[in-house]
Amino acid sequence: MDRMKLWPHGALIILAGAIIAAVAALLFTRYERTASAKEAPLAARVERVDGQVGLNRSLDQSQNAQWVEATANTPISVGDRVITRDNSRTDIAFTGRNFATLQANTSLDVLELSNQKNQLALRQGSALFDVGSLPSGELFEVATPCGAVDMKQAGLYQVAIDDQGNAVANTLNGLAEVVGQSGTGEIQKGESLTLSCQSGQGAVLSRIDKGQAGALVDSYYRYRYPKKYDGRYINYDTYLGDPYYYDPYNRDVSYHYVSEYIPGVEDLDDYGNWQYVNNYGYGWHPYAETAWAPYQSGYWGMDYPFGLTWVSNEPWGYAPYHYGRWTYASNEWFWIPDTVSTYPAYSPALVAFLPVSQSTVAWVALGPGDPYTPFYYDPNWQPVYLNRTPVIQERIVNLNVPGAVNVVQVQDFTRGIDPRVITTIDPQMVARVRPVLDPMSVDPLRRAAFETRQAQRRFDVPPAIAQRINTPVVASAAPLAAMNRRDLARAMRVEPVPSNLRNQKLQFRDERAANVGTRQPTTNAGASIAEQQARERQMAELSTRASRGDRTAREQLRGLQRQQVEAQRAERVTGQQAQGEQVRQQMQTRAQAMAAGQQQQLQQAGIRRQQQAQREATRQQAITNRQQPRTMQQPNAQGERAGNQRAPQNVPRAQPEMKRLPQPQAQPRSQPQPRATRPPSYQPQQMPQRVIRQPQQPRMVRPQEPPRAQPQPQRLPPQAKPQAQPRVERPQVQAQPKPQPAAPKVEQKQGPPAKAPSGPPAKKKPPA
């Protein structure tokens, strides 16, 4: 009876244990798949290539780390190295909002790419890092031989190695932190830090010169957004006022439908539009011809550890070929991306391969609903699936779409792919072939995949540059070892900073108060002239292609011509401003010199007026001193002379008997000591009137004497004409004021007091 009662309870206990075990196994499996997915390597995109740009897959041991030419839309991942040569530059997109622009003679290595951390290494040259999005907890770091630069906020940064081997970090916008062997320090917006690689030499913190910062920001935006940029950021203050005006995240519609973590989203608005597709939501349709189909213009290449990778020749051809699916609706192709909230998983090519024959290779784009799991290869080129289960593709959605299956010969598969080399295939043959997702699992496809390496053009790196770009770098922490390379830090020569040094404060020499300009690296001296020459060569090539009917070349040529006109306009404006400033300084200097000259002239004129007043006072004093003794010694003669002067006043001036006395000769006059100076407004013509005014001769001096008049001649009556005695009055006549113009000449040559004239005084006796 008891056994009958225990049996149901025991069965329930066993069943419950089985359920718990199943749930635990399911949770473990899910956790394991998620953990493996986090370790899966991601990829960045080479967006633009101008000039000579090289790419090295350093972790690909089978390729012996050979350098090849990089092209636009080439994916790069952990362990890959990019280098630019003279007069060259390139753009790299790590996500849809984080970018880097490498200047000429610059090397950049990818140490780690994940959804939480982007770690790079700059060993030479200069690069701009445009960090548009940096959520809390994520890290964007650039390691250098002198220390690591960690971007703490979204912004625009420049990291460079100058000619002395020092690391220079400029925070044009945002906030950065430098971690080195001497400690840790922050770089605020508008500041520049120069960090020496020599231990014990410290660092220098200064402010960025606004003129150089504006030119740097203007050059970056002009290169990155040639169709949208209007040159406003040449003024650094304008950039600081609105640094996200050209951010595609705020301007492009595509970011509403595609995750911002996908590189290449910013190209979709310019080359296509969004339309609603039944059963799938919104899809992107490229501006293409009617017979166009995906995966028909580009080339195949081997990319370790992802394997056979599609590199498109189309300017927008990155995001739609490595993320999402393609569907055919209403006689048009549409790209259906994953939802915006989904973190994307990179794929080298979302296609299924068809092993049709030994001499041909065929592939077709995957459609929505087609099963696919990301995977990568180990060093032996064996696939490693993230969910540990290979997917067997039974049926492909797009197999029956006209023109969806691309078939080429094996010799064409290793070269460039375009619609001219693509052939058609019998639908019945397609129905007999089972598609595969791993091309390395089929021998003909495996051989064709490895042969694609031979078609890549080699890139020459001189030994001196190769040695320089292998310099060890200092990082805040060692990069996370990828599943395909456990010794990544040692292979990439990365030296992490010890934790005790990271916690120390960096000691630096503060030059911010001196307003020192940005320490621009001198590695690109003469780059503007070289860039102009390269632009002219590129314009000549595009002109040749445009003359042959190439529309893309014509559009590029027009863009370069606009850039050239804008550059010339900017140079003219800069020259005019410099010339205007020079003219302004010259005018200011001339005005100061004229003001100083006028002041000196005024001072000299004042001195001359004082000297003239002194001379006039001295002359009047000498006249007064000479007249007083003569007046006292000859009272009678003065009375008679006064009578004689009054008598002729009734005589008309027109009498013929009037006789002008001869002009007396200039007599030597005395020059007594000068008295106090009279003001300049004093009129010397009135001095005799105040000095010789006597009761008996009130009319002897006339104040209104004309300036040019000499001493007035005495008018004699007719009866006194025969007598010559009136000439004795000459001494009194000389008491009258002399004309002013002649006075200074006489006084300047005066010596001792003059004696009475020897001739005329002998006739002073009155007539009998």
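**A guided tour from one sheet to the core**

Begin by selecting β22, β21 and β30, which in this predicted model form an open sheet of three strands in the order β22-β21-β30, with antiparallel pairing. Strands here are DSSP runs of E with at least two residues, helices are runs of H or I with at least four, and both are numbered from the N terminus. Two strands pair if DSSP finds at least two bridges between them. Because β22 (307-312) and β30 (416-417) stand at the edges with a single partner strand each, one side of each has no neighbour in the sheet.

Residues are numbered from 1 along each chain as its sequence is written. Local features need pLDDT of at least 70 and side-chain atom pairs pLDDT 80 or more, whereas totals for chains, interfaces and linings use all residues, and side-chain values use heavy atoms, with hydrogens and water left out.

Next, select β21 (residues 298-303), which pairs with β30 in the antiparallel sense over two bridges. Towards β22, also antiparallel, β21 has six bridges, and three residues separate these two strands in a hairpin. Y299 is a useful residue to display: its bridge partner is G416 in β30 and V311 in β22.

Now add helix α9 (residues 443-455), which packs on the sheet and touches β21 and β22; contact means heavy atoms within 4.5 Å. The direction of α9 makes about 100 degrees with that of β21, where axes are lines fitted to C-alpha atoms, for helices over the stretch in contact, and angles run from 0 to 180 degrees between N-to-C directions.

How many residues of β21 are buried? Five of its six are, buried meaning under 20% relative accessible area with a 1.4 Å probe, counting protein chains only.

Stay on β21 and select W300. Leaving aside residues up to four places away in sequence, W300 touches ten listed positions, among them L308, W310, W363, I417 and T452.

W300 leads to the largest nonpolar core, which has 115 residues; F129, M151, Y295, W300, W326 and W363 have the most contacts inside it. Such a core is a set of buried Ala, Val, Leu, Ile, Met, Phe, Trp, Tyr and Cys residues joined through side-chain atoms within 4.5 Å. Strand β26 (residues 360-365) gives this core its largest share, five residues. A second, separate core has 17 residues, including I208, L216, Y229 and Y246.

Finally, show the whole protein chain, with its 18 helices and 33 strands. Of its 768 residues, 46% count as buried.

How values were computed
Buried < 20%, exposed > 50% of the residue type's maximum accessible area, 1.4 Å probe, protein only.
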